[in-house]
Each structure stands twice: as structure tokens, then as C-alpha cells.
Amino acid sequence: MQAGPFVPSNAFSSLIIDGLLKINGVQIPLTLSKTISRPGKPLLASAECFANPGGLLPVRPPSKLPPPGNLCLHVSLQPERLGYGRVGSVYPLRIDDTNQYALPSLVIKVAARRRSDDLAREAWFYEEMEDIQGVAIARCYGFFTAEIEQNSEVLDWAESDADCDEEEVDVRGEDSPSEDDGDTDDTWDLYAWTDSDDLVMEEFSWEVVLNRNDERRKLREKLRQERRDKRARIIKPTRADPASVRDRSDKTFLSVLVLERLGDVMPIGVPLEAFKPDVREIYSDMGRFGIEHIDIRWRNILAAPATDQSIVCPYHGHKHQWRVVDFDLSRKSNHLHSGIETAANGWLRTILDGLEEGYVVEPWD
């Protein structure tokens, strides 16, 4: 791998990964192609006084990237999982020595079963904030997908399934769309299997379940069993094009997002006054694009790489010490920049003050 300025983030049209896929117990390299991202449904202000002039969404600035390249990136997945969540898991990558490109250290986010649609949505937010990649958010080198055989063994899926069996299951069904998921309709159905996961429990009353521990326990077990049953069923792949893919029940999709590797989370139980202004500035940078992160959490604010080629922030005139990640729950809105800043700063104050006191505050606390 060469030194020098990093290769443009749109330089790669394909990706070869070693260590992610097995067929009949034999590990094979997987080739994935760059795929279009999925725009999220915009959030419009409820009152004119909260919205930008004319109620318009901020326009994405013109891209400064060169025309898309046609390079292939060859990497090996390292089995030490760095983290996991609702949408997928993150693993470090080893860049093949034959790649003659200047790149930062990389990680890969592998979509969990039925979560490719969410990962495509997250990729769109990285593209929308191209101007602050390497400034306030991680550099993103693309969203890639591949069709795989139904009998394929995906490293991350086996681990994610085990996590799901152990985790607490929401009584509404974790896989069922929330109010923020209302935009997952068939108008963009490259990964439309996410729309088939709605768990409707009409026979249960929300209030009754909350107040009757026995019924709640039974409902959790029912949901767990339904999730196990779903994994056992063939996942029907769907694509907008070509139509012939819809009829092939022996195929499914694997999707990944390639990102710059970042540093550690913030320390706990120590003063953070030196970090607070920088983190607030990062959220201000995102607010200029109309981006509301939503998932403001301790684990989603990571240190900038120690030895990377950070870019000076065009809005604050210096290099930021921190980066924000995880945009699958984010939304683009026409809210005033000042309003987005105020909302983010309120959450940040609660989270950062808690870290100083020695505990982690989560959005659901």
C-alpha cells in the first residue's frame, strides 16, 4: 500500500473479501459490487417557524470527487469483532499488499439478516455528508452487495443470530417497523425483505402485557421463536430490476459498508471539558446538511484516527478530535440549523455529564 494522499472514496467499483463466506464448509473469497444507496424519508417541520425559509431541505453541495473509478479493493476480514448492533457488525480489515492505493486503516460493517435496506440507508447519509467525511464523520468507501447461495455460511450472521437469541426482545417486536420506519415501502425495494418482518400482535394489549409479567414472558418467547422460524425459512430476495431475480428462492443478498477505522470511545469517570466543544462542533457540522443523527450515544462518538490525514473543518477552521458514526436511524430535515444544534446539544450535555460522573446514558434511559 502506497503512502501519500488517500485514494478518492469513489475509486472502487468492486470489493473482494476473504474470510467472510464459506460454502459447504470451505472458505471462499466473495466479490461484491458497488450498489446504489437508499435515501431516507425526509422530516418536515411541524410549524413554519421551525423550518428553513420556504420549508426547503438543505441541498447537498456539489461533489468534489472525480468521476467514479473502476478499481477493485482486495481485503481480508479479521475475525475480531469490534462491535455490533441492530443493523450489523463491524470488523477490522487487512488490506491486501497487492493494492497499490493509499488508504487509511479500514473496517467493514456487515449487514445482519434482513438489514441490508437499513445499511443502504446509512450509506446514503455518508454520501449526503461527503464534504465532512474525514472531518466530522468517517471516510466511506462505498456500499457493496453480492448475491450468495442460500447454503452459504456468513461469519457475521452466525454471530448475530447468537446475539439475537440472548438479547432482550422488545414486546412490540424488534423487527417490526417503528414510526421512523414508515418509509420502508416498495418504492425502493432492492432489499424489500425488511418490509415482511412486521410482527402484528393484535391478540395482546400493550397495557396488559406491561402489567402482567407472565404474559410478557410468554410474548417474549413467542417473538424469539418467530425470529428463529424466520431464520429457518428461505429469505426471498427482491430487486427492483431484473424481475427474474424475484423468482429465485435459492439466493439471498449480503451487503457491506466499507469505512475508515476510527479510534476509541470517550473515557468514563474523567473530566471531558476539553472534548465537549469539539463534539458540539461536529454535530453543528452535520446540522448544516439538515442531518439529525437521532442515535446520539457514547458508543457512536469515536476518536479521530491517531495517524490519519484529517481534513481541516471548513466551518470551524481546525481539525476535529472526534468523529460520529452510525446513521441508520438518522433523518434529513428542513429544521433550522439552530434548532438541530439545540436538540443535539441537549442530548450531548446529558451523555457527556454522565460519562464524567462514571456512567453511560443511553437514549432509552
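**Exercise 1. Find out how many helices and strands the chain has, and how much of the chain is buried.**

Start with the count: the chain holds six helices and 13 strands. Keep in mind that you're looking at a predicted model. Next, burial: of the 365 residues in the chain, 48% are buried. Then turn to the outside, where about 17,800 Å² is exposed, with carbon and sulfur atoms supplying 52% of that area. Last step, the contacts: take those between residues at least 6 apart in sequence, and 77% of them join residues at least 24 apart.

**Exercise 2. Check whether the span of helix α5 agrees or disagrees with its number of residues.**

Helix α5 covers residues 276-287, which makes 12 residues. At 1.5 Å a residue, α5 should span 16 Å. Now look at the model: the end C-alpha atoms are 17 Å apart, so the two values agree.

**Exercise 3. Work out why α5 counts as largely enclosed, and what covers it.**

First, pick out the residues of α5 with under 20% relative accessible area. These buried ones are Lys276, Asp278, Val279, Ile282, Tyr283, Ser284, Asp285, Met286 and Gly287. That's nine of the 12, so the rest of the structure largely encloses α5. Now for the cover: it includes the strands β10 (291-292), β11 (301-303) and β12 (322-324), along with helix α6 (337-357).

**Exercise 4. Locate stretches where pLDDT is under 50.**

Begin with the whole chain: its mean pLDDT is 80, and 73% of residues reach 70 or more. Over residues 164-212, though, pLDDT stays under 50, and the model gives this stretch 100 contacts beyond four places in sequence. Residues 233-249 are also below 50, with 37 contacts in the model beyond near neighbours in sequence.

Conventions. Residues numbered from 1 in each chain as written. Predicted model: local features only at pLDDT ≥ 70, side-chain atom pairs only at ≥ 80, totals over all residues. Heavy atoms only, no water. Helix = DSSP H or I, 4+ residues; strand = E, 2+ residues; numbered from the N terminus. Expected span 1.5 Å × (residues − 1). Buried < 20%, exposed > 50% of the residue type's maximum accessible area, 1.4 Å probe, protein only. Contact = heavy atoms within 4.5 Å. pLDDT = per-residue confidence, 0-100. Areas by Shrake-Rupley, 256 points an atom, 1.4 Å probe, with all protein chains shown as cover.
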